[in-house]
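Please open the structure in your viewer and keep the selection tool at hand. The tour proceeds from one selection to the next, and at each stop it states what is to be found there.

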Amino acid sequence: MFFLSRRHIKKITAVLEEIAKGNLQQRIHVYSKGTLGRLAQAIDGVLSGLTSQINVLNKEAIKGKAILTSMVEGVIAIDKDARILSLNPTAEKIFTIRKQDAEGRLFLEVIRNNDISEIISRVLKSGEPLSSELNLILPVQKVFRINASAIFEDSAVAGCVLVIHDITQMRRLERVRSDFVANVSHELKTPLTSIKGFVETLLEGAIDDKKNNREFLRVIQEHTNRLENLINDLLDLASLEERGIALNTQEVNVRELADKVLAGFEGQLKKKEIEVGNELSGNLIIKADKDKIEQVWINFIDNAVKFNRPKGGIKIYAEETADNKIKFTVKDTGFGIPVKDIPRIFERFYRVDKARSRSLGGTGLGLSIVKHIIELHKGSVGVESVEGLGSEFSFILPK
Ligand SMILES: Nc1ncnc2c1ncn2[C@@H]1O[C@H](COP(=O)(O)OP(=O)(O)OP(=O)(O)O)[C@@H](O)[C@H]1O
Ligand SMILES: [Mg+2]
């Protein structure tokens, strides 16, 4: 016969109460050989088994949480009633919502997007995974790929998981690449078509037309030069875009370099009666790749001349920035640039007025070459402009 003493009952109850509070390290430790001892050992054994299983589960949960937290994709878990069960920090960022405000509420109440809500309903209904690309304005337009798959419990749909991937940058790069190919093809084709046409006309007899044949050859020459310039610019861009391109860094007297470039524009400056003020100090020496900085001056000055009005002005100057860098500016009194075009002006082939730029011999590659060169020097480019009044193109270089 075996009786549990009041003391033993008290001890077992106290331990079980501690365990219920979550203190799993508690044990009964009754070392008697009888039934009581075996009971205590059995309970202690169950507790040890439970503790180690809970530890394993905790570790798994921590791992899972770490993965979800560090994911670049947004993840949202939804229950079968389309309520948000949980979401990771990326999803909070994408939709500018807070976990504590979202969990437990209906998806559509938190994220007012009918397209995503529709995806959720379809997955919950069919249990089939769905993938879709959506344009969302949050508040800027972004492109997302959303993969939704069902969660099953006892072979019934118990909810779904949304994985949201921001593919805006990827789509933008694809567009830039296809625009580039289209632009290059177009720019190559235009002069080629003219050259071909004039060669055919000459071959068909115009070669003997003493009055016009030289003019036809002159046009062919002009388009050939255009093609050559374009190909040179494209090769420049390709080499600048190559990673790890080496700069031939040396001490450069920027004023002398600008004067040399200006001398090359003398004919055009005179013809348009443009006045130039080179206010750069003759003592200003920077460490840079001389040939590349010369290319920057050529592009900035070429634009300041081309897009200037007759009897206009150009001023070139330098100033120190608040963060101890040097800012070089070419200021003109030309057409200026409309506000809407300013953010894209340094893109390849971007021109405010394609026809006007082309008639002035440009292909819209000059400024993108400048941007690449300055960024290779760890600097930055900028522009300020007022339409109808003029523009200030600048580049900033570290000292
Ligand atoms: N100083 C400026 N004043 C007004 N518009 C300018 C000026 N500089 C550039 N732009 C505008 O920016 C566009 C892009 O300039 P960019 O130098 O890249 O091309 P481009 O001069 O037309 O051709 P390229 O430089 O390849 O000969 C120009 O077509 C023009 O519309
Ligand atoms: Mg240019």
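Begin with strands β3 and β4, which form a hairpin with 3 residues between them. Strands here are DSSP runs of E with at least two residues, helices are runs of H or I with at least four, and both are numbered from the N terminus. The model is a predicted one, in which local features need pLDDT of at least 70 and side-chain atom pairs count only at pLDDT 80 or more, while totals for chains, interfaces and linings use all residues. Residues are numbered from 1 along each chain as its sequence is written, chains are lettered from A and ligands numbered from 1 in the order in which they are written, and side-chain values use heavy atoms, with hydrogens and water left out.

**First sheet region**

Select residues 130-137, which make up β3; this strand and β4 pair in the antiparallel sense over 8 bridges. Two strands count as paired if DSSP finds at least two bridges between them. Within this pairing, leucine 136 has lysine 142 of β4 as its bridge partner.

Next, extend the selection to β4 (residues 141-153), which pairs with β5 over 10 bridges, again in the antiparallel sense. Serine 149 faces valine 161 in β5, and alanine 150 stands opposite cysteine 160 in β5. β4 and β5 form a hairpin with 2 residues between them, and aspartate 154 in its turn has a positive phi of about 50°.

Now add β1 (residues 74-79), an antiparallel partner of β5 (residues 156-166) through 6 bridges. Isoleucine 76 is found opposite leucine 162 in β5.

**Second sheet region**

Select β7 (residues 275-278) and β9 (residues 313-320), which run parallel and are joined by 4 bridges. Glutamate 275 has glycine 313 of β9 as its bridge partner.

Then select β10 (residues 325-332), which runs antiparallel to β9 and is joined to it by 7 bridges. Glutamate 320 stands opposite isoleucine 326 in β10. The hairpin of β9 and β10 has 4 residues between the strands, and asparagine 324 in the turn shows a positive phi of about 65°.

**The ligand**

Finally, select ligand 1. Which residues come nearest to ligand 1? Of the 20 residues around it, these are Asn303, Lys306, Asp332, Ser357 and Leu367; a residue counts as near if one of its heavy atoms lies within 4 Å. By class, this shell has 8 nonpolar, 8 polar and 4 charged residues. Here Ala, Val, Leu, Ile, Met, Phe, Trp, Tyr, Cys and Pro count as nonpolar, Asp, Glu, Lys and Arg as charged, and the others, Gly among them, as polar.

Display the polar contacts, that is, pairs of N or O atoms within 3.5 Å. An oxygen atom of ligand 1 lies 2.9 Å from a backbone N or O atom of glycine 364, and an oxygen atom of ligand 1 lies 3.0 Å from a backbone N or O atom of leucine 365. A polar side-chain atom of serine 391 lies 3.4 Å from a nitrogen atom of ligand 1. As a last selection, display α11 (290-306), α13 (366-376) and β12 (390-398), the elements that give two or more residues to the shell around ligand 1.

Methods. Polar contact = N/O pair within 3.5 Å; in protein donor to acceptor, adjacent residues only side chain to side chain.
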